[in-house]
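Open the model in your viewer and keep the selection tool at hand. The stops below go from a small sheet to the whole chain.

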Amino acid sequence: MAFQKENMEIEIISTKFIKPSSPTPNHLQTYKLSFFDQVSDETHLPLVFFYPPTNNINFSSHHEEQLEQSLSRILTHVYPISGRFNEDINSISCQDQGVKFIKAKMNSKLNEFLDKAHKDVNLSLLCWPQDSWNVDPSNLFTMPLVIIQITEFECGGLALSMSHMHMTMDGYSTFSFINEWSKVCRHKIPLEKIDFMSFDLANVFPTRDLSKLLLPRIPPVDRVECKLVARRLYINEDSISRLREKVSGDLCKFKPSRVEMIMAILWRAVIRASEKKHGYLRRSLMNIPINLRTRLISLPQVEKSFGNLGVDAPIKFIPEENKMELHEFVTLIHNAVKETITTCDKTSPEDIVSAVSNIYNESFLAQDWGGNDEVDRIISSSLCKFPIQEADFGWGKPCLMHFGSRHGQVCWLYDAECGNGICVQVDLKEDNMNLFECDNDIKDFFQF
């Protein structure tokens, strides 16, 4: 089977299922989801890491065996992702069904691929686990929870991609898994020394009858119909310093973080693009995912929990109430995130669930915001300070990364591979992207 784009072709060589190296004990064979798993997106989320060839490493059968064996060992610890959803969709049957593992080959050298991918990041989609393209509501809950694909280039360079069911893992769980797997592979860590997550979040936040807590879920946008495209932007430290001067000159009353400033200037550019497209300034709703593990002071036991444990902070732009100055956007983001964290930091789990439900009912699930065609929606997710650069399986660190499922407009922020500045992957509707790229701030502060 082969997939082709831009005269580049990827060929599937083999497919197998990698199972835990030790059987899952009987008492762990039903893994219960939590409330936060229930309210997460019902989608598969792919990501891709690209690794350049090195002088002393070729992806031989020995390295392939080492990768598979280390995956098998770590699956014994992270046992839920080897299972499958039960019919009730509130639990996972952990019968060691396995993670799907695909091996593929690309008919080009990695440097040639990267030259084109830096200009057109959409080429990275070739290296997605191909099954993730076929996920839809009819098969979402019967698919493997995790699909992994290793793609070898003609020069020896590699792409490691992973697609996971969001209802089982959030960003923290995913990147913790990949980072620890890379350590197990690189250092040949034995099974008995693998222990980095806890798996009892459902004991703290059991599943609920969502119909009594939340307004109906708004259907996601169809990936084909919305025609999303991606661009990769880069802002270096000098430009971040210039941006800080601009924000300070705009009368910002606190010292904003780098992420707050970058999110603000990106969001304003998206709103300007929408204004040019529609001929008038529209309302906009941006959500920022927040990891709650270290922010629930009364629940220290959840700090290393597997699964989903986050909340989306809603930031609302209302033309009649908000100004277009940059410091206004920075302040909106800063205050909304701070308020969301404070609102969720309750003593009891019941109060936390109630707080999250109220936030969602008043924003993403509200018909006049989440379900309104007159409101532009975008997600801005910061992966900065996540250990994604440390995913070294013995081949060195990744030289390019790619995120997301193209189901919605998203800005992904992450620490630049060079260690200086921040990269942003921007996923927008194609007509919005054409206008976004022409924004003066984008051209002034970012490099494509």
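Select β5 and strand β6 (residues 91-93). The two pair in the antiparallel sense, over two bridges. Pick Arg 84, then look across to β6: its bridge partner there is Ser 93. This is a predicted model.

Now add β3 to the selection. The result is an open sheet of three strands, in the order β3-β6-β5, with antiparallel pairing. Which strands stand at the edges? They are β3 (30-32) and β5 (84-85). Each has a single partner strand, so one side of each lacks a neighbour in the sheet.

Next, the interior. Show the side chains of Phe 50, Phe 113, Phe 177 and Phe 393. These have the most contacts inside the largest nonpolar core, a set of 78 residues. Helix α4 (residues 171-187) gives the largest share of this core, with seven residues. Apart from this core lies another, of 69 residues; Ala 264, Ala 269, Ile 290 and Ile 359 are among them.

Go back to Phe 113 and display what surrounds it. Beyond its neighbours within four places in sequence, Phe 113 is in contact with Met 8, Phe 50, Met 106 and Ser 108, and also with Leu 123, Ser 124, Cys 127 and Phe 153.

Move to helix α10 (residues 349-361). What span should its 13 residues have? At 1.5 Å a residue, the expected figure is 18 Å. Its end C-alpha atoms are 18 Å apart, so the model agrees.

Stay on α10 and colour its buried residues. They are Ile 352, Val 353, Ala 355, Val 356, Ser 357, Ile 359, Tyr 360 and Asn 361. What do they pack against? Select α1 (35-38), β12 (310-317) and α9 (326-344): these are the partners of the buried residues of α10. Ile 359, buried here in α10, is also one of the residues of the 69-residue core.

Finally, zoom out to the whole protein chain. Its secondary structure comes to twelve helices and 16 strands. Along its principal axes the C-alpha trace spans about 60 × 50 × 40 Å. For 448 residues, a compact globule would have a radius of gyration near 22 Å; the chain has 22 Å, which agrees.

Colour by burial: 56% of the 448 residues are buried. Then switch on the surface. The chain exposes about 19,400 Å², and carbon and sulfur atoms supply 48% of that area. Last, draw the contacts between residues at least 6 apart in sequence: 77% of them join residues at least 24 apart.

Key. Residues numbered from 1 in each chain as written. Predicted model: local features only at pLDDT ≥ 70, side-chain atom pairs only at ≥ 80, totals over all residues. Heavy atoms only, no water. Helix = DSSP H or I, 4+ residues; strand = E, 2+ residues; numbered from the N terminus. Expected span 1.5 Å × (residues − 1). Buried < 20%, exposed > 50% of the residue type's maximum accessible area, 1.4 Å probe, protein only. Contact = heavy atoms within 4.5 Å. Core = buried A, V, L, I, M, F, W, Y, C linked by side-chain atoms within 4.5 Å. Pairing = 2+ DSSP bridges. Rg over C-alpha atoms; globule rule 2.2 N^0.38 Å. Areas by Shrake-Rupley, 256 points an atom, 1.4 Å probe, with all protein chains shown as cover.
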